[in-house]
Every structure is written in C-alpha cells, then in structure tokens.
Amino acid sequence: IEDENEFLAGIIGEISLVKNEGIDLAHYYAKNCAADIFRKIYQQYEAGKQRAGLIDFDDMLVYCYQLLKERKDILGVWQRKFRYILVDEFQDINQLQYDIVRMLAAPEDNLFIVGDDDQSIYRFRGAKPEIMLRFEREIPGTKTVLLDTNYRSQANIVEDALNLIGHNKERFQKRIRAALPAETGVEYAVFEDQRKENLRIIRDICDAVERGKSYRDFAVLFRTNTQPRLLMEQMMEYNIPFRTRDRIPNLYEHWIAKDIFAYIRIAQGSRERRDFLQIMNRPKRYISRDSLDEDTVAFDVWEWYFREAEQPWVAERIVTLEHDVMQLRRMNPFAAINYIRKGIGYDEFCAEYADYRRIRADELYDVLDELQESARGYEDYDGWFAHIENYTRELERLYQSQEKQSESVALSTLHSAKGLEYENVYLIDVNEGVMPYKKAVLDQDIEEERRMFYVGM
C-alpha cells in the first residue's frame with residue numbers, strides 16, 4: 001500500500017460504520033481491502049484495545065447502548081433524571097445514537113427534535129435523513145412545527161436551492177421563504193478548464209478588494225479536499241491571502257509525484273540507488289532489489305548483472321529504461337510527465353495498482369493530470385522544482401499562521417462549511433464526477449450529493 005495514511009483513515013472509518021450501524025462483522029464487505037483482511041484487522045484492533053484497557057470514541061456509544069439494554073435498573077435511573085430531552089441537529093444522528101435516545105426518553109417520550117432533513121450530509125458516518133423521516137411514525141402523537149423562514153439568504157438563492165433539493169424523493173416536502181428580498185442573482189459560469197475558472201474567481205476578488213471589500217467576505221467551497229490545490233497555487237501567484245478549514249494534502253508529497261520526481265532526477269543524472277529502487281518496477285520490469293547492492297547505479301553494470309544471470313530479457317528492459325531517461329533529459333516538465341505516463345507505461349502501472357488495491361484508477365489519473373497541469377508553462381526542470389519548493393514552503397507557513405489570518409479568503413469543503421455563512425460564495429468544479437462525486441452511484445448517494453450542494457447554496 002503506497003498511501004498508508006489514506007488506507008488507515010479508510011479502515012478507521014469502516015470500523016466506525018460497522019459499530020454505529022450495528023452491522024454483523026461476518027456479513028460486512030469492506031471497501032478498502034478484502035473482507036477477510038478487514039475482519040482480521042477489526043478483531044486485532046478490538047483485542048489490542050482490550051489488552052490496553054482502552055475504548056475508542058465509538059465504543060462510548062456501543063457500551064452505553066449495551067449497558068442501558070441489559071440493566072433496566074440503571075436505565076430507569078437515567079429515565080427519571082432526564083424527563084425532557086431536546087436533540088439539536090437531529091439530521092446528523094445515526095442509528096445507534098437514535099436507539100440510545102429512544103431508550104432514555106421512554107416511557108413518556110418527551111422528545112423534542114430540531115433539524116433539517118435536507119442538510120443531512122454525513123451518511124459516511126451512518127447519519128441518514130430516513131431516521132428523521134420515520135420519527136412521526138415511530139412516536140405517535142408527534143407534532144411538527146415548520147420553521148419556514150430563511151434569514152440568511154436572499155430570495156433568489158433560497159428559490160434556486162429549493163428547486164435543486166426538490167428533486168430528492170427521500171425528504172419532507174416543504175416551502176421555505178426568504179426574509180430578504182432578491183437583489184443579486186445566482187451566477188452560473190462555464191469554463192474551458194480549472195485554471196480559467198480559478199482566474200475568474202481571483203479577478204472577482206481582486207476587483208472587489210480594490211473597491212474596498214475585505215478578503216474575509218469571500219469563501220470558495222468544494223466537494224473534496226484535493227480540489228483547491230491549483231487554486232491555492234494561483235492565489236499565491238497573485239498574493240491573495242487565504243485560510244483553509246481542512247488540511248489540504250500537498251500534491252507534490254503524493255507517492256505518485258515522488259515516482260515522477262525520481263524518473264526526472266535519473267534523467268538529470270542522478271545515479272542514487274534509492275531513485276532507481278523507487279521506479280524500477282513502475283511499470284513492472286521484474287527487476288530484483290538484489291541487483292542493486294551499491295549506493296550508486298551504473299546502467300552498464302546493472303545490465304551486465306542480468307546477462308550474467310542468464311536473464312537477457314531483464315537486461316533488455318534496463319537498456320530500454322536507459323533510452324527512456326535519455327529521452328526525458330531533452331523534454332520540458334509537461335512533455336516529460338506525458339512521456340512517463342504514455343511512453344514508459346506509468347498509466348498502466350496505476351491501473352494495475354488500482355485493481356490490486358480495489359480503488360478506482362481514475363483517482364490516480366486525477367493526480368497525474370493535476371501534476372501534469374502544474375508543470376504546464378515551465379520550460380525546464382529547475383524552474384518547475386523551484387516553484388514546487390516555494391509552494392511547499394508557503395503551504396507550511398500558511399498552516400503555522402492560520403489562526404492569525406482572519407483577513408483572508410476562506411477555502412473549505414462543503415462538509416466543513418455547514419452552518420457557516422459568508423458574503424460571497426463560490427461553488428467550484430460543479431462537474432459530473434467531481435460534484436456530484438464519481439463514487440456516488442446509488443440513488444441514495446446521489447440524493448446525499450444533492451443535499452451537500454444544497455448546504456453549499
């Protein structure tokens with residue numbers, strides 16, 4: 001596994017989902033690895049916690065539920081202590097939390113819930129609007145009070161947002177009116193590419209600031225935390241201060257970027273063993289690590305090693321690799337990445353890796369596309385590498401000074417922006433595959449994507 005942090009985050013999310021949904025482990029099919037491997041990880045994780053006398057965040061709910069279910073005397077004490085219960089943000093509740101609340105509220109069922117089913121956007125944590133939609137059926141005599149005035153947005157934004165969310169089937173049908181009249185329309189714009197889209201936003205912000213507006217009046221919202229990387233680079237070029245609500249992964253620290261850099265370093269003359277180990281089987285060349293036992297590599301010695309071992313086909317691959325890196329030496333960064341992908345076969349390696357990891361190959365191609373786009377316009381490797389170094393340094397400085405930077409443009413995922421408000425908001429990359437996200441396949445997933453966009457609006 002190349003990106004351990006991403007893999008572990010996925011596994012932790014799945015462990016959490018299994019607990020909160022009360023899913024039988026034997027019937028759960030994991031997304032991040034084979035089902036039997038996931039079960040093994042899950043069981044060892046649980047055993048490790050027990051040995052250390054620890055519980056995790058989800059265990060607090062699991063054990064609370066088990067305690068109240070098995071000990072009616074303890075449940076009775078808490079039922080008498082809390083006769084009236086109010087739950088806010090009810091659309092974010094998951095099944096386990098709901099079951100606990102129902103037990104605590106019984107037998108009187110003095111339960112008052114507040115929420116907006118259209119703003120339920122945490123399905124990946126087990127939150128579902130269906131729980132809210134069932135509430136009236138499950139607790140007879142429930143009364144509903146509709147808070148039907150939006151005090152935040154102008155009328156046209158509210159209208160357009162309702163038109164959008166109205167396409168969802170799993171929701172309470174409702175009309176919302178705006179307290180504010182319509183003054184400015186919702187603007188839509190289509191662009192050739194991401195760079196041009198970003199430039200439009202940058203120009204808008206610069207013009208507004210010249211007219212006396214503040215950077216903090218602007219927010220840019222996006223579906224995933226990898227989207228704004230190019231925007232951030234362009235904002236740095238125009239000296240526009242920004243802050244991020246989520247830590248945005250540095251594109252140039254991705255394992256794919258490290259592979260590309262290793263190819264380029266070899267083309268520039270590096271003969272360090274570690275650079276060759278990084279790429280020698282990307283794509284598969286069936287070269288053994290044992291063939292590189294010196295700190296520096298000489299192509300002719302390396303080739304001779306396999307001829308001596310009577311593996312001439314591997315020796316031929318080393319000859320081809322040497323020819324390829326000679327070709328790269330004469331190219332600009334954009335052309336070099338294209339050659340590594342198509343000429344050397346790195347795209348095929350990514351497809352095989354994705355198949356092995358049970359992830360989508362286009363997620364890896366997206367990283368390559370972004371890397372290639374960032375190299376566009378640089379005539380030589382030195383210029384591109386200087387830009388990468390500067391960007392990485394600026395990014396670190398930004399994260400260290402986040403707290404002090406209130407006079408800046410806010411960049412945020414839709415999940416992190418929920419409940420906040422800004423004067424001017426841009427929703428970027430509203431393209432099939434990005435927003436709505438390519439992993440949203442089922443009807444319920446598409447409805448979640450629509451709710452997320454509604455929250456953004």
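Author: A helix here is a DSSP run of H or I at least four residues long, and helices are numbered from the N terminus. With that in hand, Arg195 has its place in helix H8. Please keep in mind that this is a predicted model.

Reader: Happy to start there. Why does Arg195 count as partly exposed?

Author: Its relative accessible area is 24%. Buried means under 20% and exposed means over 50%, so a value of 24% falls in between and Arg195 counts as partly exposed.

Reader: What does Arg195 touch?

Author: Leaving out residues up to four places away in sequence, Arg195 touches Leu230, Gln234, Glu373 and Ser374. One of these, Gln234, is 39 residues from Arg195 along the chain, and the two C-alpha atoms are separated by 8.2 Å.

Reader: Now to the charged pairs. What makes Arg200 and Glu187 a salt bridge?

Author: The test is a side-chain nitrogen of Lys or Arg within 4 Å of a carboxyl oxygen of Asp or Glu. For Arg200 and Glu187 the N to O distance is 2.9 Å, so the pair passes as a salt bridge. Arg200 sits in helix H8 (residues 194-210) and Glu187 in the loop between strand S4 (177-180) and H8, 13 residues apart.

Reader: Which of the words buried, partly exposed and exposed fits Arg200, and which fits Glu187?

Author: Arg200 has a relative accessible area of 28%, so it is partly exposed. Glu187 reaches 63%, and because exposed begins over 50%, Glu187 counts as exposed.

Reader: How many salt bridges are there in the structure?

Author: The structure holds 43 of them. Another one joins Glu449 and Arg223, whose closest N and O atoms are 2.9 Å apart. Glu449 belongs to helix H19, while Arg223 is in the loop between strand S5 (218-222) and helix H9 (229-237); they are 226 residues apart. Both Glu449 and Arg223 are buried.

Reader: And how do you know that Glu363 and Lys439 form a salt bridge?

Author: Their side chains come to 3.4 Å, N to O. The limit is 4 Å, so this pair qualifies too. Glu363 lies in helix H16 (residues 361-375) and Lys439 in the loop between strand S8 (424-427) and H19, so parts 76 residues apart in sequence are tied together. At 16% relative accessibility Glu363 counts as buried, since the cut-off is under 20%. Lys439, at 47%, counts as partly exposed. Elsewhere, salt bridges with shared partners join Lys19, Glu46, Lys49, Asp56 and Asp59 into one network.

Reader: Let's turn to rings. Of the 18 aromatic pairs, why is the one between Trp78 and Phe82 called stacked?

Author: The ring centres of Trp78 and Phe82 are 5.9 Å apart, with 20° between the planes. A pair needs centres within 6.5 Å, and planes under 30 degrees apart count as stacked, so the name fits Trp78 and Phe82. Trp78, at 37% relative accessible area, is partly exposed, and Phe82, at 38%, counts as partly exposed as well.

Reader: Then what makes the pair of Tyr252 and Tyr391 edge-to-face?

Author: Here the centres are 5.7 Å apart and the planes stand at 85°. Anything over 60 degrees is edge-to-face, so Tyr252 and Tyr391 get that name. Tyr252 is in the loop between strand S6 (242-244) and H10, and Tyr391 is in helix H17 (residues 381-400), so the pair ties together parts 139 residues apart in sequence. Tyr252 has a relative accessible area of 4% and Tyr391 one of 2%. Both values are under 20%, so each residue is buried.

Reader: Which residues form an aromatic cluster?

Author: Trp255, Tyr346, Phe349 and Tyr353 form one.

Reader: And which residues touch the most other members in the largest nonpolar core?

Author: Among its 68 residues, those are Val220, Met235, Trp302, Tyr346, Trp384, Val409 and Leu411. Helix H10 (residues 255-267) gives the largest share of this core, 10 residues. Another core, of 20 residues, lies apart from it and includes Leu61, Phe90, Leu104 and Ile131.

Reader: Where is Ile131, and what covers the buried residues there?

Author: Ile131 is one of the buried residues of helix H6 (residues 129-138). The cover over the buried residues of H6 includes helix H5 (95-105), strand S2 (111-113) and helix H19 (443-456).

Note on methods:
Residues are numbered from 1 along each chain as its sequence is written. This is a predicted model: local features need pLDDT of at least 70, side-chain atom pairs count only at pLDDT 80 or more; totals for chains, interfaces and linings use all residues. Side-chain values use heavy atoms; hydrogens and water are left out. Buried means under 20% relative accessible area, exposed over 50%, partly exposed in between (1.4 Å probe, protein chains only). Helices (H or I, at least four residues) and strands (E, at least two) are DSSP runs, numbered from the N terminus. Contact means heavy atoms within 4.5 Å. A nonpolar core is a set of buried Ala, Val, Leu, Ile, Met, Phe, Trp, Tyr and Cys residues joined through side-chain atoms within 4.5 Å. Rings of Phe, Tyr and Trp (its six-membered ring) pair if their centres lie within 6.5 Å; planes under 30 degrees apart count as stacked, over 60 as edge-to-face and the rest as tilted.
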